[in-house]
Every structure is written in C-alpha cells, then in structure tokens.
Amino acid sequence: MKYIYQPAANKDAYTLLLLHGTGGDEQDMLPLAPELAKDFHVLSLRGNVQEHGMPRFFRRLGMGVFDEPDVHFRTHEMVHFLRELSDKEGFDVQKIVAAGYSNGANIAGAVLMLYPELLAGAILFRPMQPLHGIEDPFETSRQQPVFMSSGKMDGTVNPAATAAYATLLSANGFQVSSHDINTGHNLTQQDIDLAAGWVKENFR
C-alpha cells in the first residue's frame, strides 16, 4: 500500500490516518492534517483498488452500491497493513484516529464494524454504511468518539441512510456526533472546523 508518514515530535502522540475519496491519493488529504490535529503523527494511505484509473479503497458495483465481499477483504488487508506499519514506523496502533472523506470514510466505517476495538476514533466526512447484514455483533467497550458530517444537498448519499448508520454505530457503543451541513457532497471549511473542534474536545 502506498503511504506517506509524518512523525510528530512526541512519539506517544495519536496518529491521524487520512483516507481519500474516489480518485484521490495519499497526497490528497495532507493539507487538512494541520487544521484537524496539529500534534499528531500523520499517516496518509492510497487505496489499492482502481476504478477507471481512479484509486479507491474497495470496489463498488454501481453508484452507492458496494461490493461487500471486497469491502471485507480490503478492510482486513488495510488493518493488517496498519499493524505491520505501526511496528516499522513506531506509532501506537491503539491510538489511531481515522479521517476519511467519501470512499475513505466508508473504509474507516468498515474498520469500525469489523474491528470495533481498533480505532481510537473516526472522522467520517460524507459517509455511507459500508456493510449490511454483519452476522456477528460489533460492539465496542472503548466507547470511541465518531464524528460524522453529511451534506443536506448531497446527491450521492441519502440523509435518512446516514441517520440510520449513526444510530447503528451508537447502538454498538460508539459516541457519535452528527452534523448536517448546508452543502452537497463536496467538503467545506465548515466540515474541517467542526471536526477540528471535535478533535480538540476528544483528544487533548
């Protein structure tokens, strides 16, 4: 997996895991890192899947229709990569806060569902529920905070589905903070400001 790692001065810091949207790469979200979390290690990944030459974190069958077996496979692959990389780069795998946009938010959400105890928290910009019909319950005892922001005029994501997804995560022990922003699927400064405030509140 292609990645960029920028260590913080404090080796015990949290790690901000940046996960791009469709067509982005490991450079895409880097400018957001200092705005979201100043003193964190920064790890930015590039998705392993190509869709018409555009990097993604997992395959989809159509707009808003995910290839769920591939979601499972790619999530396990990414978590395995993070565990190996934490040994190599020296960050604490229990102190990762994911920040994903669109497809990146969805792979982060899949980690919350398949490895509920792994992430210390997650920022999900324009998320959709990545998996349905998971047979095993995925409760977390860590009660990690999760930030979600959706666009009121988003043509890609159904607001009712996002609300149901937030409810599902809450029911499984995550502390969800949801925001509806007056915009479409694009990321806005308001998203960044709200998420930065959430980071300050939860990861002092």
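Helices and strands are DSSP runs, counted from the N terminus: a helix is H or I over at least four residues, a strand is E over at least two. All views below show a predicted model.

**View 1. S102, in the loop between β8 and α3.** S102 is not a glycine, yet its phi is positive, at about 55°. The residue belongs to the loop that links strand β8 to helix α3. β8 covers residues 96-101, and α3 covers residues 103-114. S102 has a relative accessible area of 14%. The cut-off for buried is under 20%, so S102 counts as buried.

**View 2. R126, in the loop between β9 and β10.** R126 is a residue other than glycine with a positive phi, near 55°. Its loop runs between β9 and β10. β9 is residues 121-125, and β10 is residues 145-151. The relative accessible area of R126 is 1%, so the residue is buried.

**View 3. The open sheet of seven strands.** The strand order is β1-β3-β2-β8-β9-β10-β11, and the pairing is mixed. β1 (3-6) and β11 (175-181) are the edge strands, each pairing on one side only. From one strand to the next, the twist averages 10°.

**View 4. Strand β2 and its two partners, β3 and β8.** β2 spans residues 15-19. Toward β3 (residues 41-45), β2 makes five bridges, and the two strands run parallel. Within this pairing, L18 has S44 of β3 as its bridge partner. Toward β8 (residues 96-101), β2 again forms five bridges in the parallel sense. Here L17 faces A98 of β8 as its opposite residue. β2 is mostly covered, with five of its five residues buried. The cover extends to both faces. T15, L17 and L19 are buried on one side; L16 and L18 are buried on the other.

**View 5. H20, in the loop that follows β2.** H20 sits in the loop between β2 (15-19) and α1 (33-36). With a relative accessible area of 1%, H20 is buried. The H20 side chain reaches a backbone atom, the nitrogen of G47, at 3.0 Å.

**View 6. H41, in strand β3.** H41 lies in β3, which spans residues 41-45. Its relative accessibility is 2%, so H41 counts as buried. The H41 side chain reaches the backbone nitrogen of A8 at 2.8 Å. A8 is also among the contacts of H41 beyond four places in sequence. Others from the N-terminal side of the numbering include Y5, Q6, P7, N10, K11 and D12. A13, Y14, T15 and L16 are in contact with H41 as well, and so is F91. T15 and L16 in this set are buried residues of β2.

**View 7. The packing of α2 on α3.** α2 (residues 68-89) packs against α3 at an angle of about 85°, and the two axes lie 10 Å apart. That angle makes the two helices roughly perpendicular. From α2, the contact uses V71, H72, R74, T75, H76, M78 and V79. From α3, it uses I107, A110, V111 and L114. By type, the residues of this contact are seven nonpolar, three polar and one charged.

**View 8. L114, in helix α3.** L114 belongs to α3, which covers residues 103-114. Beyond its neighbours within four places in sequence, L114 is in contact with H72, T75 and H76. These three belong to the α2 side of the contact between α2 and α3. L131 and I134 are also in contact with L114. Between the C-alpha atoms of L114 and A171, the separation is 15 Å. Along the chain, L114 and A171 are 57 residues apart.

**View 9. β10, β11 and helix α4.** β10 (residues 145-151) and β11 run parallel, joined by seven bridges. V146 has V176 of β11 standing opposite. Helix α4 (residues 159-171) packs on the sheet. α4 touches β9, β10 and β11. The direction of α4 makes about 175° with that of β10.

Conventions
Residues are numbered from 1 along each chain as its sequence is written. This is a predicted model: local features need pLDDT of at least 70, side-chain atom pairs count only at pLDDT 80 or more; totals for chains, interfaces and linings use all residues. Side-chain values use heavy atoms; hydrogens and water are left out. Buried means under 20% relative accessible area, exposed over 50%, partly exposed in between (1.4 Å probe, protein chains only). A polar contact is a pair of N or O atoms within 3.5 Å; within protein, one must be able to donate a hydrogen and the other to accept it, and residues adjacent in sequence count only if both atoms are side-chain atoms. Contact means heavy atoms within 4.5 Å. Two strands pair if DSSP finds at least two bridges between them. Axes are lines fitted to C-alpha atoms, for helices over the stretch in contact, and angles run from 0 to 180 degrees between N-to-C directions. Angles under 35 degrees count as roughly parallel, over 145 as roughly antiparallel, 65 to 115 as roughly perpendicular and the rest as oblique. Ala, Val, Leu, Ile, Met, Phe, Trp, Tyr, Cys and Pro count as nonpolar, Asp, Glu, Lys and Arg as charged, and the others, Gly among them, as polar.
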